[in-house]
Amino acid sequence: MTENIQHINTLLSEQFNNRLDFREKRPGIFQLFLPFYHEDGDMVEVYLDLRNGTENKSIPSRVRINDFGMSLMRLSYSYEIDTPNKEKILHRILSENGLFEQEGHIMYDAPIDALYPALMQYCQTVAKISNMRQFKREIIESLFYEMLDDFVMSNLGDYNPEKSVTPIPERDDLEVDYLFTPNGHPVYLFGVKDTAKARLATISCLEFLRVDLRFKSYIVHEDFEKVTRKDRSRLTSACDKQFPSLDDFTKNARKFLDREAQY
Amino acid sequence: MEYTDSFIEELLTCPKKITKAPAREMKLDRGHWKNNFEVESENGEFKFSVFIRYNDTFNENFSIGLDYNPREEPGTIALIRSNGPHGSTKQWDHHGRTHTHVASAETVNNGLKPESNIEITDRYTSWNEALQFFVKRVNIQGTQVYFPPPQGNLFEETE
């Protein structure tokens, strides 16, 4: 064991240009001190687990790199892996980088002669896992309008979308997110991610009707269920078509715009 | 919103009451033990979340933190975390000292990881001791029911 870790130390020190250190955390488990840090300034926790095969004095051909659950513990301060979808994303990140997880421990069996690139890969993957906190609902939700804009401008360009249109020129408080003209007549599109925007879309449609504008109105919800029942009812009464989610809109927008073009 | 150091200190030290109690026992999940609870300032103005974690393999690797949940914007701001000796830090190139991460106006306003100021401390050596330190530091009232301090509490005389 001692000979093994001394050999690994020498080998890795050379590969790391002497910018590393070891400490035996438990018998056979060595914490590596590498110049890799989380955003909060803490060092990324990396251990070499040399407990397996300790009876064998020869230098192992592979070494297990393990975090002993520290990466997912750190992630859990602000983000839990508590749904099948999050689980799927976690395991996709791990498998794409050749790592695996058992009971929260993230591991990689690295070839001894390529420990340096293995540790680079390991730390990079841990950083990706740490960044799963960026998938938090409030962060993703804040991207709804950007995602809608990206889809409209990238995929519906042949319907000549115009952004931020005011159909009643003197009413700049009644702004439409996008205007399409598939058949010469306007289709107004509103993105709705909360109750406030649902109410604004309702008022806008009713005002456009009141001044006898000829138009169709589409609503894209971030989450249809999140808008209150009364607001859904008012909006349903005022508008022509609602897409319950951005996903539904991306799948079906063209079909509905093409149908408009037929008239 | 622009944060100031005095506002952050107010958030840290204002008297707080527990609004959602911690679980009776820590729960093992993916290699670590966990518990969470929620608190708010006694005047009802500020809301916070508290988390307690310690590693199953290395019990000395623990973290107890307070996140501020501002009403006016989504998301949370990590104000303080009391950590065990899990390894070196960028500011302190040592091989394992207990330490505390604390937010500052500079880190919060500049979009850095809020709690990226690190202070080395010797006021606790285990997660249980750190918890007693933490609830006093952030002034949470009524924690004795859930987390009774050990006999001869190390911090009694310092308060």
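In which loop of chain A does A:Met132 lie? In this predicted model, A:Met132 is placed in the loop that runs between helix 4 (115-130) and helix 5 (137-142) of chain A. The relative accessibility of A:Met132 is 0%, so the residue counts as buried, the cut-off for that class being under 20%. When neighbours within four places in sequence are set aside, A:Met132 is in contact with A:Leu75, A:Tyr79, A:Ile81, A:Lys86, A:Ile89, A:Leu90 and A:Ile93. One of these residues, A:Tyr79, is separated from A:Met132 by 53 residues in sequence, while the C-alpha atoms of the two are 7.6 Å apart in space.

Chain A as a whole contains nine helices and eleven strands. Its radius of gyration is 28 Å, whereas the globule rule gives 18 Å for 263 residues; the chain is therefore more spread out than a compact globule. The C-alpha trace of chain A spans about 90 × 35 × 30 Å along its principal axes. Buried residues make up 48% of the 263 residues of chain A. Of the contacts in chain A between residues at least 6 apart in sequence, 56% join residues at least 24 apart. The exposed area of chain A is about 13,200 Å², and 48% of that area is supplied by carbon and sulfur atoms. Chain A carries 34 positive and 43 negative charges, and the mean positions of the two sets are 4 Å apart.

Two residues of chain A were examined for their backbone angles. A:Phe68 has a phi near 50 degrees, a positive value in a residue other than glycine. This residue is located in the loop between strand 4 (62-66) and helix 2 (70-75) of chain A. With a relative accessibility of 2%, A:Phe68 counts as buried. A:Asn160, which is not a glycine either, has a positive phi of about 50 degrees. The loop that holds A:Asn160 connects helix 6 (144-155) with strand 7 (162-165) of chain A.

Chain B has three helices and eight strands. From the N terminus on, the order of its elements is α-β-β-β-β-β-β-β-α-β-α. Of the 159 residues in chain B, 50% count as buried. Among the contacts of chain B with a separation of 6 or more, 44% are between residues 24 or more positions apart. Chain B exposes about 7,600 Å², of which carbon and sulfur atoms supply 46%.

Contacts between the two chains include those made by B:His86. This residue lies in the loop between strand 6 (77-83) and strand 7 (99-102) of chain B. Its relative accessibility is 1%, and B:His86 therefore counts as buried. The side chain of B:His86 forms a polar contact of 2.8 Å with the side chain of A:Glu45. A polar contact of 3.3 Å links the side chains of B:His86 and B:His99. Not counting residues up to four places away in sequence, B:His86 touches A:Gln31, A:Asp42, A:Glu45, A:Tyr47, A:Met70, A:Arg74, B:Asn61 and B:His99. The surroundings of B:His86 thus include residues of chain A, among them A:Tyr47 and A:Met70, as well as B:Asn61 of its own chain.

Definitions and conventions
Residues numbered from 1 in each chain as written. Chains lettered and ligands numbered in written order. Predicted model: local features only at pLDDT ≥ 70, side-chain atom pairs only at ≥ 80, totals over all residues. Heavy atoms only, no water. Helix = DSSP H or I, 4+ residues; strand = E, 2+ residues; numbered from the N terminus. Rg over C-alpha atoms; globule rule 2.2 N^0.38 Å. Buried < 20%, exposed > 50% of the residue type's maximum accessible area, 1.4 Å probe, protein only. Contact = heavy atoms within 4.5 Å. Areas by Shrake-Rupley, 256 points an atom, 1.4 Å probe, with all protein chains shown as cover. Lys, Arg positive; Asp, Glu negative; His and termini not counted. Charge placed at Lys NZ, Arg CZ, Asp CG, Glu CD. Polar contact = N/O pair within 3.5 Å; in protein donor to acceptor, adjacent residues only side chain to side chain.
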